[in-house]
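Here is a short report on one protein model. It looks at pocket space and strand pairing.

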Amino acid sequence: MDLDIKSRIYQAQCIGNVEPIEYMIPYPSMRSLIEGQNIKYAEQIIIKDRNITNQTFYNYVQQTSHWLETLGLEPKERMIIPDLGYPQTEILLYGIWNLGAIGVLAADVDKKDLNSICRFKLNIDTETNLFEKIKDQPIEYKPKYKPLLDDEALLSFEQEDGIRLSHYNLLVNTNGIQKAIGLKSRTKIFCDLKPRSATWVIFQAILPIYCGCIFDHSNPEVTFGNSKNSFNLRADIKNIAEFAKDDIGLCPENTAAISIGNEPIHLTSYSLEKTKMMIKGHSVMMGYLNELKNESSYYKEGLHISI
């Protein structure tokens, strides 16, 4: 990536006098999130329907990393995430992060178009039973590479040009949601999203673990989804000025959440410019895969997107 573009992206990720490197979040990567929660709260149930604790989940993640390694996946390689159903898809994603690799959400992308993007070509079939595949793998795994906050963690094709998100993007966006809605540890939460977007990653894979919540299908206290839920996830951010207080605005270029109601989440700001929105803050993506798109989108110390 051109140094000038890198500089412009970094300027867009700053808000006020606060640069991303100056805001402390509890974990240095997604790998460290699940490891840290296991160290502190190993015996706490995190998935009620399956009676899965932090320790059990972490064991599955470790075994998954071993299995992926036997298949040939290497650190820093990108791997497509299939829909294996909950919670196997989420465990697979953490297994990829734990190995030091990068998850790719590409359900609507022609696999031929990914040949130059994903060095790791293995496609896991959606009928795969992950629990069966990993059952004989060791539960202790020593990674060859431990990702850093500014390393790429996720590649999403919610937008045609592809969106690159760092470990920091994912963690700080989750942190912003937690602060905005006051989500407490041990709250029973539920959402039913498909692994096609960073919204699924944030709300279904990360938020429950990051906040120490219990994922509970049967009797949740907080739900995320459509208008029948506690929080309504809305992608029509052109109407953000009219959002209700229980609406969560979604913007892929800002990782996932950009606002609760029409108030920006922590360390994010936005302004509307007719058919465009200008965004600044720590959740602003690492950039598009398309360098020409980066060139036309990052200017005046912000990220400018069409709405």
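The report below takes the pocket first, then the strands.

**The largest pocket**

This is a predicted model. Its largest pocket holds about 560 Å³ of space. The lining counts 21 residues, and those closest to the pocket centre are Tyr10, Gln13, Asp150, Ser166 and Met286. By class, 13 lining residues are nonpolar, four are polar and four are charged.

Which elements each supply at least two residues of this lining? They are helix 1 (3-13), strand 6 (163-166) and helix 6 (167-181). Helix 1 gives the largest share, with four residues.

**The open antiparallel sheet**

Helix 1 also lies across strands. It crosses strand 15 (276-281), strand 17 and strand 18, and runs at about 85° to strand 15. Strands 15, 17 and 18 belong to an open sheet of four strands. The order is 14-15-18-17, with antiparallel pairing. At the edges sit strand 14 (268-273) and strand 17 (298-299), each paired on one side only.

Strands 14 and 15 make a hairpin with two residues between them. In that turn, Lys274 has a positive phi of about 60°. Six bridges hold this antiparallel pair. At the other edge, strand 17 is joined to strand 18 (residues 302-306) by two bridges, again antiparallel.

**Strand 9 and its neighbours**

Strand 9 (residues 222-225) pairs in the parallel sense with strand 7 (residues 188-191). It also pairs in the parallel sense with strand 10 (residues 231-234). Are the faces of strand 9 buried or exposed? Both are covered. Val222 and Phe224 are buried on one side, and Thr223 and Gly225 are buried on the other.

Two of these buried residues appear in the pairing. Val222 stands opposite Ile189. Phe224 has Phe231 in strand 10 as its bridge partner.

**Pairings side by side**

The table lists strand pairs with their bridge counts and sense.

| Strand pair | Bridges | Sense |
|---|---|---|
| Strand 14 and strand 15 | six bridges | antiparallel |
| Strand 17 and strand 18 | two bridges | antiparallel |
| Strand 7 and strand 9 | three bridges | parallel |
| Strand 9 and strand 10 | two bridges | parallel |

Single partners can be named in the antiparallel pairs too. Ser271 has Met278 in strand 15 as its bridge partner. Tyr299 is matched with Gly302 in strand 18.

In general, strands of a sheet pair through backbone hydrogen bonds, in either a parallel or an antiparallel sense.

Conventions. Residues are numbered from 1 along each chain as its sequence is written. This is a predicted model: local features need pLDDT of at least 70, side-chain atom pairs count only at pLDDT 80 or more; totals for chains, interfaces and linings use all residues. Side-chain values use heavy atoms; hydrogens and water are left out. On a 1 Å grid over the protein atoms alone, a cavity is a set of points where a 1.4 Å probe fits but cannot get out, and a pocket is an open set with protein on both sides within 12 Å along at least five of seven lines; lining residues have an atom within 4 Å of a point. Grid points are joined across faces, edges and corners, and a volume is the space filled by probe spheres set on the points. Ala, Val, Leu, Ile, Met, Phe, Trp, Tyr, Cys and Pro count as nonpolar, Asp, Glu, Lys and Arg as charged, and the others, Gly among them, as polar. Two strands pair if DSSP finds at least two bridges between them. Contact means heavy atoms within 4.5 Å. Axes are lines fitted to C-alpha atoms, for helices over the stretch in contact, and angles run from 0 to 180 degrees between N-to-C directions. Buried means under 20% relative accessible area, exposed over 50%, partly exposed in between (1.4 Å probe, protein chains only).
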